[in-house]
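Reader: I have the sequence and the coordinates open, and I would like to go through them with you, starting with the cysteines and then moving to the sheet and the cores.

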Amino acid sequence: MEARDIIVIGASAGGLSALTKVLCQLPPDLPATIFIVQHLSPAYSSNLPALLERAGKLKVSHPVDGERIVKNHVYVAPPDHHLVIDHGHIRLSQGPKENLTRPAIDPLFRSAALAFRSRVVGVVLTGELDDGTAGLWSVKYRGGITVVQDPEDAAHPSMPRSAARNVAIDYCLPLSKIGPLLVRLANDPFEEEGAPLSEKLEIETRIALDDRQALTQLGRLGELTSFTCPDCHGSLWRLTEDKLIRFRCRTGHAYTAETLLIEQNQVLENILRDALRCAVEQSTLTMDLIEHSRRTNDQDTIGPWEAELRKAGWRMHLIQQVLNYESE
């Protein structure tokens, strides 16, 4: 008989409050290990372990690469590093960003499912967009237990709502009930089950560890598309898991369909604003040239410069209309 002794938790916006409420419900002798990815800015050091340890009864730390996993401990991904489980050890990696972030939730969940199969309990808490959905699908696929915070209970419901929409969820609960559930699952033995080892799961876990050889195997993950990565502009492969559609590029960047659309919109806005800047500069330049022609009494050039000024003004008007439409 096995135990559900590997608990992986993902959170983003509103995550600190949610995590403290869950951890304060757990006993110091919990027979499990907890791994947490909270989206963090790479620009600052993190005191998240100290805050979480103060809120609960378990030891909390940022792990070091290669650290051996121990029970009754909470490991939190450090800034700008994916947290990956490699059987009995923890790996930290600055591999490709997933869903625009590093650390990302999906690599942790995937690696846990790969290494520990149905011993895993995956939990998605409050957050924007949909990081964690694909990883939770992997947890379910390998026989683990899937848990989401009730979207109605979440400060930011997008992440748990996406997971509930795309993954067969075992428990959808408010924060007040998630801690007791984790205690019960960690203490209830069960029979091992779930899908066999997945080559796709293994390849994506290796990509998170920055294994460049794994990137040569993208053809085994899905089909090549005509779309390009908003970050590096490389080709994108389409990956599907039941209802879920994802994309991954040659350098490893990964996106859900929703995140890819959002990033494409941002790229388009940047292009339009760059075009607006150019049109403004054209207008300013032609006004300077018109003024110069008037000062030098160069009547032959005033007309052509004024025509260019009207074109620049029309371009500014059109681009601004598009930008205003995009913001509606």
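Reader: Is Cys232 buried, partly exposed or exposed, and what is its relative accessible area?

Author: This is a predicted model, in which local features need pLDDT of at least 70 and side-chain atom pairs count only at pLDDT 80 or more, while totals for chains, interfaces and linings use all residues. Residues are numbered from 1 along each chain as its sequence is written, and side-chain values use heavy atoms, with hydrogens and water left out. Buried means under 20% relative accessible area and exposed over 50%, with partly exposed in between (1.4 Å probe, protein chains only). Cys232 is therefore partly exposed, at 30%.

Reader: Which cysteine has the sulfur nearest to that of Cys232, and how far away is it?

Author: A disulfide is defined here as a pair of cysteine sulfur atoms within 2.5 Å, and by this rule the count comes to zero disulfides. Cys232 is accordingly in no disulfide, and the nearest cysteine sulfur belongs to Cys249, at 3.6 Å.

Reader: In what order do the seven strands of the open sheet lie?

Author: Strands (E, at least two residues) and helices (H or I, at least four) are DSSP runs, numbered from the N terminus, and two strands pair if DSSP finds at least two bridges between them. The pairing in this sheet is parallel, and its edge strands, each pairing on one side only, are β3 (59-61) and β9 (171-173). The order is β3-β4-β2-β1-β7-β8-β9.

Reader: Which residue of β4 is the bridge partner of Val60?

Author: β3 pairs with β4 (residues 73-76) in the parallel sense, over three bridges. The partner of Val60 in β4 is Val74.

Reader: Which strands does helix α6 touch where it packs on the sheet?

Author: Contact means heavy atoms within 4.5 Å, and axes are lines fitted to C-alpha atoms, for helices over the stretch in contact, with angles from 0 to 180 degrees between N-to-C directions. The direction of α6 (residues 175-187) makes about 145 degrees with that of β9. The strands that α6 touches are β1 (6-11), β7, β8 and β9.

Reader: Which element gives the most residues to the largest nonpolar core?

Author: A nonpolar core is a set of buried Ala, Val, Leu, Ile, Met, Phe, Trp, Tyr and Cys residues joined through side-chain atoms within 4.5 Å. The largest has 30 residues, and those with the most contacts inside it include Ile7, Val123 and Ile178. With six residues, the element that gives the most to this core is α6.
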